[in-house]
Amino acid sequence: MIKIDNVKKRYSSEVEIGPLNIKIPKAGITSLIGPNGAGKSTTLLMIGRLLNMDEGYIRVANMDVTNSKSEDLAKILTILRQENHFVTRLTVRQLVGFGRFPYSKGRLTKEDEEIISKYIDFLGLTDLENRYLDELSGGQRQRAYVAMVLCQETEYVLLDEPLNNLDVARSVQMMEHLRYAADRFGRTILTVLHDINFAAKYSDRICAMKDGKIAAFGTVKEIMDSKILTDIFETKIEIINGPYGPIAVY
């Protein structure tokens, strides 16, 4: 479980995130949605300890995010942020191999190599594993980054906009991969998504944010409500029943 208790982040006297209070259950996919500036990425970065909070505490699998040792936290939680600035003269395999660092400390074992291959194959990167990152399209690089975080084999996976640089077809494939990882590998995936309908189709739960606060949290059926979404996005949103579940129509 991810437990967020009275967490606040202040950027200025006028801009503040929180207080945030939420318990995100173990397993499955929980998506953070909301308009730009709602606090989604800030919340994710605080959970992943890439951004300090000003008040409150966060626990992941009963580990205090603030006070836990980095090497211990890295074995239960991994995070992919939007901005990735890896040296481009890395191959896909070298990048994915970074996911094993909490265990290997840079000395890859045969088991590590097998795990690296497993996630390269899982994300459909086998034919690209010896290509350099600067030789890939944006979508291919994004898949490589996701393979890297999955390769860390943590129970909790945090993804900030994993569909960046992906077209519709690749976005569908990515979400299907994440759904499979949650179901087959038992991962707890928390992801920031801008597309409500991707969140609705692939998530178990949705956390909707607005103005730095949690506006609504629940199952897909509970959150895919015309009134709730219209209030959050401040534009008229209708919900219709599609062949695979509820669909938001603007």
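Helices and strands here are DSSP runs, numbered from the N terminus. The model is a predicted one. With that numbering, the walk can begin.

Start with the open sheet of four strands. Its order is 2-1-4-5, and the pairing is antiparallel. Strand 2 (16-24) and strand 5 (63-64) stand at the edges, each with a single partner strand, so one side of each has no neighbour in the sheet. Helix 1 (residues 40-47) packs on this sheet. The helix touches strand 1, strand 2 and strand 4, and its direction makes about 120° with that of strand 1.

Inside the sheet, strand 1 (residues 2-10) pairs with strand 4 (residues 55-60) over five bridges, in the antiparallel sense. One place to look is Lys 8, whose bridge partner in strand 4 is Glu 55. Strands of a sheet pair through backbone hydrogen bonds, either parallel or antiparallel.

Two backbone details deserve a stop in these strands. Most residues other than glycine have a negative phi, and most peptide bonds are trans. Asn 6 has a positive phi, near 55°, and is not a glycine. Asn 6 lies in strand 1. This residue is partly exposed, with a relative accessible area of 42%. The other detail is a cis peptide bond between Gly 18 and Pro 19, with omega about 5°. Pro 19 belongs to strand 2.

Now return to helix 1. How many of its eight residues are buried? Seven are, and the helix is mostly covered. The buried residues are Lys 40, Thr 42, Thr 43, Leu 44, Leu 45, Met 46 and Ile 47. After the helix comes Arg 49, with a positive phi near 60°.

Helix 1 also leads to Asp 160, because contact means heavy atoms within 4.5 Å, and Asp 160 touches Ser 41 and Leu 44. Asp 160 sits in strand 7 (residues 156-160). Its other contacts are Leu 80, Arg 81, Gln 82 and Val 192, leaving aside residues up to four places away in sequence. Which side chain of opposite charge is nearest to Asp 160? That is Arg 81, at 6.3 Å. A salt bridge needs a nitrogen of Lys or Arg within 4 Å of a carboxyl oxygen. Asp 160 is buried and has no salt bridge. The side chain of Asp 160 does make a polar contact, at 2.9 Å, with the side chain of Ser 41.

Salt bridges do occur elsewhere. Side chains of opposite charge can pair when their charged atoms come close. Across the whole structure, a search finds 15 salt bridges. One of them joins Arg 89 and Asp 134, with the closest N and O atoms 3.1 Å apart. Arg 89 lies in the loop between strand 6 (77-80) and helix 3 (92-97), and Asp 134 in the loop between helix 5 (110-122) and helix 6 (138-151), so the pair ties together parts that are 45 residues apart in sequence. Arg 89 is partly exposed at 46% relative accessible area. Asp 134 is partly exposed too, at 38%.

Another salt bridge links Glu 135 and Arg 131, at 3.7 Å from N to O. Glu 135 is partly exposed, at 39%, and Arg 131 is partly exposed, at 33%.

Further along the chain, Asp 231 forms a salt bridge with Lys 227, the closest N and O atoms being 3.1 Å apart. Both residues lie in helix 10 (residues 226-233), four residues apart, about one turn of the helix. An α-helix has 3.6 residues a turn, so residues three or four places apart point the same way. Is each partner exposed or partly exposed? Lys 227 is exposed, at 59%. Asp 231 is partly exposed, at 39%. Elsewhere, salt bridges that share partners join Arg 10, Glu 16 and Glu 55 into one network.

Past helix 10 comes Glu 234, in the loop between helix 10 and strand 11. Glu 234 has a positive phi of about 55° and is not a glycine. At 63% relative accessibility, this residue is exposed.

Two hairpins finish the walk. Strand 11 (residues 238-242) and strand 12 (residues 245-249) pair antiparallel over five bridges. Two residues make the link in this hairpin. Gly 242 stands opposite Gly 245 in strand 12. Strand 9 (residues 205-210) and strand 10 (residues 213-219) pair antiparallel over six bridges. There, Met 209 has Ile 214 as its bridge partner in strand 10. Two residues lie between these strands as well, and Asp 211 in the hairpin takes a positive phi near 55°.

Conventions: Residues numbered from 1 in each chain as written. Predicted model: local features only at pLDDT ≥ 70, side-chain atom pairs only at ≥ 80, totals over all residues. Heavy atoms only, no water. Buried < 20%, exposed > 50% of the residue type's maximum accessible area, 1.4 Å probe, protein only. Lys, Arg positive; Asp, Glu negative; His and termini not counted. Polar contact = N/O pair within 3.5 Å; in protein donor to acceptor, adjacent residues only side chain to side chain. Pairing = 2+ DSSP bridges. Axes fitted to C-alpha atoms, helices over the stretch in contact; angles between N-to-C directions.
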